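User: I've got a model open and I'd like to go through some of the labels people put on it. Can you tell me what each one rests on?

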Amino acid sequence: MRNFSLSRTGACANWMRNSILAWGPLGAALACNVYDDSLTGVMTPLGGSGSSAAAGSDAGGKSSNGGKSSDGGGGASAGKVSGGSGGDEVSGSGGTGGSAGSATAGGGSGGTNIAGNGGTANGGGGSGGTAPTDVELIDDMEDGDAGILPNHGRNGYWYTGGDTTKNAVLTPPANAFAMTMLAAGDRSDYAASVKAENFTDWGSVIGFNFVEKNSMPQPYDASAYCGVHFWGKAAAPVTLRLRVPDVSTHPNGGVCVTPGTSGTACYDHFGSAVAFGKVWADYSFKFADLTQVGTGYHPADNKIRTDKLFAMEWALPGGATAKTYQIWVDDVELLKCP
């Protein structure tokens, strides 16, 4: 595959290829920036399958009172995953081991109770559910470059973008996207990541185009699939919006207009709110469940056109108060449903 930083040069040329926020040819005339208010009203987290797990009690307590060293902590009771060990008995009666955290995949370790006479401590739940098996990989990021895997007619590239807030910082920048190397021992070697600092208008975004031709996004027929699956996490918990621009909301689709009114404008992409936490979790969304916010053009049947998709994006909020967000996305796949 081509290396994005070598094969694409020039900020606006890269902007046009990237089609940040599904921007079209009008972008050059707008100095490579377009206002997008489609993050309005997305602060209710919807999550995804396996996006979180219930907290459970895992580790036994420690005792600080005097006693015999033979009074060790009790063993943990069985849960959906293995229970934690009993409390480490310093002196006195050890605490009773608690039940393991209930989680689809992996129960978290329990906290340590340092109070006298021991006790059970609440343990964190697992990091998320098991990934579905009936999927087709879009990109696992392991080649480290900005292109998605060239399979089944897909040949697009990853991008980042943000509003025009003065002194806001986007890493990686919109004209030089690169995958982020993860720390040793993480779930993989590379992930797509963006760090957005101080965007106070509509916010920022990371995403990819499904198909590109002559540096411009093209519609992709995804009607053979029913949805998307991916893994994600954040430096601090944040509610963002998964967005899937289609022929009705992308300016290159020839249906919506820019600029336009609340009933005609582009960029009101089909999507869903999703809550990213500090640990990796997996999320699944069916195309049929994605909805629009209501800021622009909407088709009469209120349905996404899966036969003409343009991109897939994760949009971070803006707002009057300057904030810093950082998210990571990994192993993006299309769902194959019965």
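Analyst: Sure, here is a run through the labels and the values behind them; keep in mind that this is a predicted model.

User: What makes up the protein in terms of helices and strands, and how many of its residues count as buried?

Analyst: There are 2 helices and 16 strands. Of the 338 residues, 48% count as buried. As for contacts between residues at least 6 apart in sequence, 75% of them join residues at least 24 apart.

User: Why is the pair of Trp158 and Trp314 called stacked?

Analyst: The search of the whole structure turns up 11 aromatic pairs. In the pair of Trp158 and Trp314, the ring centres are 5.9 Å apart and the planes make an angle of 15 degrees. Pairing needs centres within 6.5 Å, and stacked needs planes under 30 degrees apart, so the pair gets both labels.

User: What makes it a link between distant parts of the chain?

Analyst: Trp158 sits in strand 4 (residues 158–162) and Trp314 in strand 15 (residues 311–317), with the two positions 156 residues apart in sequence.

User: How do you know that Trp158 and Trp314 are buried?

Analyst: Trp158 has a relative accessible area of 0%, and Trp314 has 0% as well. Buried means under 20%, so Trp158 qualifies and so does Trp314.

User: Why does the pair of Phe276 and Tyr283 count as stacked?

Analyst: Their centres are 5.3 Å apart, within 6.5 Å, and their planes differ by 25 degrees, under 30, so stacked is the word. Both Phe276 and Tyr283 are buried. Ring pairs also tie Phe276 and Tyr283 into a cluster whose members include Trp158, Phe177, Phe208 and Trp314.

User: What makes Arg187 a charge over the face of Trp231?

Analyst: Arg187 lies over that face at 4.3 Å from the ring centre, and the distance limit is 6 Å. Lys233 does likewise with Trp328, at 5.2 Å from the ring centre.

User: Why is Glu136 called buried?

Analyst: Glu136, in strand 3 (residues 135–139), has 10% relative accessibility, and the cut-off is under 20%, so it counts as buried. Its side chain makes a polar contact of 2.7 Å with the side chain of Tyr225, and the limit for such a contact is 3.5 Å. Beyond its sequence neighbours, Glu136 touches residues including His152, Arg154 and Lys336.

User: How do you know that Asp139 has no salt bridge?

Analyst: Asp139 also lies in strand 3. The nearest side chain of opposite charge, Arg154, is 9.4 Å away. A salt bridge needs 4 Å, so Asp139 is buried without one. The Asp139 side chain does reach the backbone nitrogen of Met141 at 3.2 Å. Leaving aside neighbours within four places in sequence, the contacts of Asp139 include Trp158, Met179 and Asp331.

User: What makes Pro245 buried, and where does it lie?

Analyst: Pro245 is in the loop between strand 12 (238–244) and strand 13 (270–276). Its relative accessible area is 0%, under the 20% limit, so buried is the label for this loop residue. From Pro245 to Asn209 the C-alpha distance is 9.4 Å, with the two 36 residues apart in sequence.

How values were computed: Residues numbered from 1 in each chain as written. Predicted model: local features only at pLDDT ≥ 70, side-chain atom pairs only at ≥ 80, totals over all residues. Heavy atoms only, no water. Phe/Tyr/Trp six-rings, centres within 6.5 Å; stacked < 30°, edge-to-face > 60°. Helix = DSSP H or I, 4+ residues; strand = E, 2+ residues; numbered from the N terminus. Buried < 20%, exposed > 50% of the residue type's maximum accessible area, 1.4 Å probe, protein only. Lys NZ or Arg CZ within 6 Å of the ring centre and 35° of its normal. Polar contact = N/O pair within 3.5 Å; in protein donor to acceptor, adjacent residues only side chain to side chain. Contact = heavy atoms within 4.5 Å. Lys, Arg positive; Asp, Glu negative; His and termini not counted.
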